[in-house]
Amino acid sequence: MKKILAVVFLIAAVLITYAPAIGNGFVWDDTALILRDPLIRSWRLIHEGFNHFLFVDATASDFYRPLQRLTYTLDYAAFAFHPAGYHLVSILWHALAAVLLFVFAGEFLRSFDVTEAKCFWISLAAALIWAVHPVQSAAVVYVSGRADPLAATFGFLGLYLILRESRSGGLKKLLLLVGAGFAFLLAALSKESGLIFPEIGRA
């Protein structure tokens with residue numbers, strides 16, 4: 001019950017902190033990635049999105065982030081060109097990343113035999129500070145910054161699964177390892193910095 005309340009608290013903290021962004025429009029790279037990208041207009045073009053860099057207009061780009069584009073495809077299906085929905089989805093991705101950081105941090109501390117009470121409070125404090133710190137604002141309030149919470153979400157999930165895998169055996173160990181590998185792949189397909197998570201997991 002305490003962990004559920006902590007998750008609710010983290011989500012509420014993120015929503016309260018970033019709620020003003022819901023009233024924002026599309027700015028800067030948002031216009032290229034949402035208003036001018038034809039590949040987000042139909043689910044039939046999803047596979048084509050994996051064949052292109054992020055920017056398909058005249059903007060020079062070598063960013064390969066197909067998962068970011070895929071989330072815009074889903075947003076477009078739900079919200080068309082209404083920016084509030086896009087901003088809300090970005091905030092929710094950031095909230096999910098904070099929750100997974102909380103889960104991963106707790107598991108990491110347990111691996112050092114830290115008491116359960118300390119694990120809870122330290123991991124909650126770390127996740128809360130990470131979630132509401134001003135350094136995260138650009139990644140959350142601009143729709144084009146969504147690659148960061150996407151990569152963080154799947155990266156933290158992969159690290160958590162790696163920790164669980166290291167203390168498991170048999171089929172469960174294999175499934176956790178496969179799950180971690182898939183999570184790391186999704187992190188890399190979200191943003192180039194997602195490639196650091198497998199290296200962290202090896203440490």
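So, aromatic pairs: this structure, a predicted model, holds 12 of them. By a pair I mean rings of Phe, Tyr or Trp (its six-membered ring) with centres within 6.5 Å; planes under 30 degrees apart are stacked, over 60 edge-to-face, and the rest tilted.

Let's take phenylalanine 102 and phenylalanine 120. Their ring centres are 5.9 Å apart and the planes stand at 85°, so this pair is edge-to-face. Phenylalanine 102 belongs to helix 5 (residues 83-110) and phenylalanine 120 to helix 6 (residues 116-132), so the contact ties together parts 18 residues apart in sequence. Helices here are DSSP runs of H or I, at least four residues, numbered from the N terminus. Phenylalanine 102 counts as buried at 6% relative accessibility, and phenylalanine 120 does at 7%; buried means under 20% relative accessible area, with a 1.4 Å probe and protein chains only.

Next, phenylalanine 156 and phenylalanine 197: with centres 5.8 Å apart and planes at 80°, they are edge-to-face. This pair links distant parts of the chain, helix 8 (residues 147-166) and helix 10 (residues 196-202), 41 residues apart. Both rings' residues, phenylalanine 156 and phenylalanine 197, are buried. They also join Phe104, Phe108, Phe112 and Trp130 in one aromatic cluster.

Now, charges over rings (NZ of Lys or CZ of Arg within 6 Å of the ring centre and within 35 degrees of the ring normal). Lysine 2 puts its charged end over phenylalanine 120, 4.5 Å from the ring centre. Arginine 65 does so over phenylalanine 63, at 4.4 Å.

A word on method, friends: residues are numbered from 1 along each chain as its sequence is written, and side-chain values use heavy atoms, without hydrogens and water. Local features need pLDDT of at least 70 and side-chain atom pairs 80 or more, while totals for chains, interfaces and linings use all residues.

Note on methods. Helices (H or I, at least four residues) and strands (E, at least two) are DSSP runs, numbered from the N terminus. Buried means under 20% relative accessible area, exposed over 50%, partly exposed in between (1.4 Å probe, protein chains only).
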